[in-house]
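Colleague: Could you take one strand of this model and go through it closely, covering its partners, its turn and the surroundings of its side chains?

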Amino acid sequence: MIIRLLAGTAAGLALLSGTALATPVKGAPELTSNDLYKAAALPKAACKLDKGTSAASTRKYVTKLVACLNTAWKPAIKDFAPVKVEFKGPDEKESCSTGMDVSGSFSEVCATVIRVRLADDWIKAKNDLTVFTSIARTWGGVVTGQTGIGKAWWGLENDADAAIMNEQNRRYYLQIDCFVGVSAKALGRQVKDWKPVAKVPEFWKNRYQGKTANRLSWLEKGYKSGKPGACNTWTASSSKVA
């Protein structure tokens, strides 16, 4: 029995069982040949962001960033539904996707909205690296949710060898990394070194992110291309998603 944590959906944690698919993934067209991969490079979205170091300015920053991501990704996703932001109260620490209490800042998709908890770690930060990266990762869950990728990944039959299941999960999270690169390109963000981005931690302990070299490769691939189709981790060789 393998745990498949579906970030970016309301599914949260579940235990699934079934028969494993071979690697690379086959028989799952929503993953390997999704219509998203046919989309053109995302159009540039004018998005001037200024985080500041107050709760109000950080809230404004997050709200504008999500609005910019809505604009950037709308042309690429069929029947796209704009996503709104809801901010948790100071005492609301529970994650809808994991059930854990989180004392610091975090963002996640809950049903059809992005829910954000703001704490001093984001508010007082002198730069926006952590906030931008965290929101962009969460947005990757919006993309997988609205394109059927998340549902197809969640539905992979999975009573297989742990190594196969782990690889499937890495394919998912490396695709999220690649979408971060695509988003950064569309929003005109200048990134010369992806290492600080890769080091930004998740609010939960994600052991499916893959080797650092592969993470950096997928981040850069998405950024250089600007096209969602550059992010098809599902047909990549196993070495590219290790």
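What follows is a close look at one strand and its pairing, with a short note on a helix.

Modeller: The model is a predicted one, and the part I would choose is strand S5, which comprises residues 113-117. Five of its five residues are buried, and the strand is thus mostly covered. In a regular strand the side chains alternate between the two faces of the sheet. In S5, Val113, Arg115 and Arg117 point one way while Ile114 and Val116 point the other way, and all of them are buried, the two arginines included.

As for its partners, S5 pairs with strand S3, residues 84-87, in the parallel sense over four bridges, and within this pairing Glu86 has Arg115 of S5 as its bridge partner. With strand S4, residues 106-110, the pairing is antiparallel and is made by five bridges; here Val109 has Ile114 of S5 as its bridge partner. S4 and S5 together form a hairpin with two residues between them, and in that turn Ala111 has a positive phi of about 60°.

For helix H4, residues 129-147, a simple length check is possible: at 1.5 Å a residue its 19 residues should span 27 Å, and the end C-alpha atoms are 27 Å apart, which agrees. Because 15 of the 19 residues of H4 are buried, the helix is largely enclosed by the rest of the structure. After H4 comes Gly148, whose phi is positive, near 90°.

Methods
Residues numbered from 1 in each chain as written. Predicted model: local features only at pLDDT ≥ 70, side-chain atom pairs only at ≥ 80, totals over all residues. Heavy atoms only, no water. Expected span 1.5 Å × (residues − 1). Buried < 20%, exposed > 50% of the residue type's maximum accessible area, 1.4 Å probe, protein only. Pairing = 2+ DSSP bridges.
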